[in-house]
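The report below describes one protein model, moving from a single histidine to charged pairs, an unpaired arginine and the surface. Please read it alongside the sequence and the coordinates.

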Amino acid sequence: MLTPFFIQAARSPGRQQTFRRAVVAHLGVLGGGLWAVSAAGASYEAATLLGPLLLVAGIVEGAVLLGWRLTQLPRSQALEFLLVSPLHPRRVFLAEALVGLARLALVTLAGLPVLAVLVAPGLLRPSMLLPLLVPPLTWGAITGLGLVVWAYEPAQVRRWGERVLLVLIVVYLGAGVLGAERLVAWGSRLPSGLTAFLAGRVDAFFDYNPFAVVRDCHRHGLEATWPVAAGVELWSLAVLALLAVRASSRLLGHFHDRHYLPAVDRSAGARRRVDDRPLAWWAVKRV
């Protein structure tokens with residue numbers, strides 16, 4: 001089942017060009033990091049520059065190679081021939097997602113020879129290759145599938161999500177920026193149990209994230225931090241699996257929302273149906 005999807009991805013001129021550009025950009029970013037680490041000398045603090053650099057690069061590459069492709073997939077009505085075939089829509093999505101993950105993995109592994117250059121003179125421990133390759137790949141995949149889930153959700157869900165994000169931004173700006181100096185005073189007015197709970201959640205947020213894991217692996221060594229690194233990687237994979245399940249379940253519904261909903265006149269803020277005939281007849285006519 002997967003073979004035709006991989007063959008199509010390998011033969012597509014547009015996807016080949018995107019893949020080559022991603023590899024070149026990844027190597028360019030790694031080349032800049034190699035120069036910075038080499039100029040700083042053999043210190044583990046200098047090597048920590050590569051962690052955030054590769055994580056940010058992986059997030060951007062996941063959005064481009066995985067997220068963009070899958071969000072644009074339902075725009076084509078040619079997808080309907082696959083959706084009405086014996087192949088289940090979820091399998092169609094998972095096959096396309098596996099192709100995107102494979103391309104993202106190849107782009108990530110393209111930087112392995114550059115990282116090996118840092119290992120040879122002792123600027124990077126050999127055991128640090130794993131933290132510099134796995135978290136960027138994982139969080140690139142999470143970013144890509146996260147964008148897909150957001151794009152596939154119904155319009156009403158996205159509107160409510162935007163409102164929630166706006167409220168969170170206002171709270172962050174009010175409490176985290178404007179009231180940063182008074183957070184301790186505000187926390188002292190809360191019950192002691194609630195204050196301890198919130199403080200623990202904040203500490204966990206700053207200690208158990210991929211950026212902190214890569215930083216601690218460089219500073220203390222992978223042998224000392226592998227339980228935390230493994231835990232963060234496991235819950236990251238769990239989030240990735242949940243995103244894949246949700247996106248695959250919404251592929252067919254999102255395709256119908258884009259192409260088979262009745263036309264609506266929104267010119268003057270009205271939300272009335274232009275065609276009151278049965279939806280099934282109207283959908284067949286559009287096809």
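## Charged pairs and surface of a predicted model

His 256 is partly exposed, with a relative accessible area of 35%, where buried means under 20%, exposed over 50% and partly exposed in between, computed with a 1.4 Å probe on protein chains only. The residue belongs to helix α13 (residues 222-259), and its C-alpha lies 9.6 Å from that of Glu 80, although 176 residues separate the two in sequence.

The model is predicted, so that local features need pLDDT of at least 70 and side-chain atom pairs count only at pLDDT 80 or more, while totals for chains, interfaces and linings use all residues. Residues are numbered from 1 along each chain as its sequence is written, and side-chain values use heavy atoms, with hydrogens and water left out.

The protein chain comprises 14 helices and 2 strands, taken as DSSP runs numbered from the N terminus (helices H or I, at least four residues; strands E, at least two). Of its 287 residues, 36% are buried.

The structure holds 5 salt bridges, each defined by a side-chain nitrogen of Lys or Arg within 4 Å of a carboxyl oxygen of Asp or Glu. Among them are these pairs:

| Pair | Closest N to O distance |
|---|---|
| Arg 246 and Glu 153 | 2.7 Å |
| Arg 215 and Asp 216 | 3.2 Å |
| Asp 257 and Arg 250 | 2.9 Å |

Salt bridges with shared partners also join Arg 15, Arg 69 and Glu 96 into one network. Arg 246 is partly exposed at 36% relative accessibility, whereas Glu 153 is buried at 11%. Asp 257 is partly exposed at 33%, and Arg 250 is buried at 13%.

Arg 103, in helix α6 (residues 89-109), is buried without a salt bridge, the nearest side chain of opposite charge being Glu 96 at 7.8 Å; Lys and Arg count as positive and Asp and Glu as negative, with His and the chain ends not counted. Its side chain does reach the backbone oxygen of Arg 15 at 2.5 Å. Leaving aside residues up to four places away in sequence, Arg 103 touches Arg 15, Thr 18, Phe 19 and Leu 65, with contact meaning heavy atoms within 4.5 Å.

On the surface, Val 56, Val 60, Val 64 and Phe 211 form a nonpolar patch with about 320 Å² of accessible area together, areas being computed by the Shrake-Rupley method with a 1.4 Å probe and, for residues, only the protein chains shown as cover. Patches are made of residues with over 30% relative accessible area and no salt bridge, like charges being joined within 9 Å and nonpolar side chains (Val, Leu, Ile, Met, Phe, Trp, Tyr) within 5 Å. Helix α4 (residues 50-72) supplies the largest share, 3 residues.

Technical notes. A polar contact is a pair of N or O atoms within 3.5 Å; within protein, one must be able to donate a hydrogen and the other to accept it, and residues adjacent in sequence count only if both atoms are side-chain atoms.
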